[in-house]
Amino acid sequence: MQDKTSPWSKWRNVFASRSQRPAPSLLRDEPNLEEVPASVARSLAIFQLGESGGGTITAQVRHSGLDGIDADYAEAMRLFVDEEHRHAELLACCVRVLGGELIRKNWTARLFVFARRLMGLRLKVLVLLTAEVVGICYYQLLSSRLPPCDMRGLLAEIVDDERMHLGFHCAFFRTQTRTRWRQFVFRAAWRVTTFAAALVVMLDHRHAIRDLGLPYGQVWKRWMAFSELAERLVLDDEDATFNASYAFSPSAAPASACDGTGAAEAPYNRSAATCP
Ligand SMILES: [Fe+2]
Ligand SMILES: [Fe+2]
């Protein structure tokens with residue numbers, strides 16, 4: 001029977017409702033997509049590979065024994081991994097419609113996997129949180145440079161999910177940073193990890209960033225702004241963690257996510273692409 005008192009039951013319910021969304025369908029070929037540089041398809045193929053992994057963390061959560069997590073958290077994590085795999089399917093549609101090819105290996109994807117396996121659950125979730133920050137910023141920026149097409153709505157759906165994931169992982173770290181010493185360690189680890197991740201992702205995706213006409217400084221500034229926001233959600237803001245996913249998008253209310261419809265159907269919102 002579901003534990004009504006678990007702080008993770010609401011997350012489990014949100015993930016469960018979103019898992020009912022229909023499977024992604026193939027995107028239409030659109031003439032204006034022919035002008036999208038080939039580097040964008042390759043860039044999305046790298047993200048597609050990154051979204052495909054993460055299966056081992058579910059078993060690790062079940063056996064971790066960390067304070068503050070329970071069976072509801074484990075189930076929410078399982079559903080979270082499923083949602084990331086859905087992103088992999090959505091991005092595969094994007095890569096195909098852009099005429100690109102899916103890949104099986106990439107050095108930044110391997111680096112993220114290596115970092116996740118390096119230590120225990122906390123570091124794994126830290127790497128996942130970093131990936132959420134990178135994903136939110138990158139998918140938003142990329143989408144804002146595409147011509148009008150179905151792919152923009154699809155990327156907006158992924159961004160909406162990543163916002164919720166960011167809130168989910170911040171909620172986890174709130175349970176793991178109850179003392180000043182732990183807060184200090186989190187802050188230091190988070191800043192180093194997010195800085196390193198932004199650097200390697202920017203390096204690996206530099207051709208797409210350049211070809212889309214995105215100023216490197218703007219991309220970097222956005223990553224750092226979301227990184228600082230995540231840090232505040234963990235260490236400062238007592239009540240905002242659960243709603244973190246909706247902090248940047250007035251059109252996406254928690255209720256719409258709970259019934260599993262709003263996120264998938266929300267139109268692309270350009271205003272959501274501004275820095276907080
Ligand atoms: Fe994702
Ligand atoms: Fe995510």
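Helices α7 and α10 are oblique to each other, a relation that follows from the angle of about 45 degrees at which they pack, since angles between 35 and 65 degrees fall outside both the roughly parallel and the roughly perpendicular ranges. In this predicted model, helix α7 comprises residues 150-176 and helix α10 residues 216-235, and the axes of the two helices lie 8 Å apart. The crossing of α7 and α10 is right-handed. On the side of α7, the residues that take part in the contact are Leu166, Cys170, Phe173 and Arg174, and these meet Ala230, Leu233 and Val234 in α10. An α-helix has 3.6 residues a turn, so residues three or four places apart point the same way.

The protein chain that contains this pair of helices has 276 residues, of which 41% count as buried. Its secondary structure consists of 12 helices and zero strands, so that, by the DSSP runs used here, the pattern read along the sequence is α-α-α-α-α-α-α-α-α-α-α-α. Among the contacts between residues at least 6 apart in sequence, 80% join residues at least 24 apart.

The largest nonpolar core of the model has 71 residues. Ala76, Cys94, Val133, Val134 and Ala230 are the residues with the most contacts inside this core, and Ala230 is also one of the α10 residues that meet α7. When residues up to four places away in sequence are not counted, Val134 touches Ala197, Ala198, Val201 and Trp223.

Cys94, another of the core residues with the most contacts, lies in helix α4. Cys94 is buried, because 28 other C-beta atoms lie within 10 Å, against the 20 or more that burial requires. Again leaving aside residues up to four places away in sequence, Cys94 touches Leu27, Leu44, Met151 and Leu154. Cys94 and Leu155 are separated by 61 residues in sequence, whereas their C-alpha atoms are 8.8 Å apart in space.

Helix α4 itself spans residues 71-97 and has 27 residues. The distance from its first C-alpha to its last is 40 Å, which is close to the 39 Å expected at 1.5 Å a residue. Just after α4, Gly99 takes a positive phi of about 80 degrees.

Definitions and conventions
Residues numbered from 1 in each chain as written. Chains lettered and ligands numbered in written order. Predicted model: local features only at pLDDT ≥ 70, side-chain atom pairs only at ≥ 80, totals over all residues. Core = buried A, V, L, I, M, F, W, Y, C linked by C-beta atoms within 7 Å. Buried ≥ 20, exposed ≤ 12 C-beta atoms within 10 Å, placed from the backbone. Contact = placed C-beta atoms within 7 Å. Helix = DSSP H or I, 4+ residues; strand = E, 2+ residues; numbered from the N terminus. Expected span 1.5 Å × (residues − 1). Axes fitted to C-alpha atoms, helices over the stretch in contact; angles between N-to-C directions. Parallel < 35°, antiparallel > 145°, perpendicular 65-115°, else oblique. Left-handed = near helix turned anticlockwise from the far one by under 90°.
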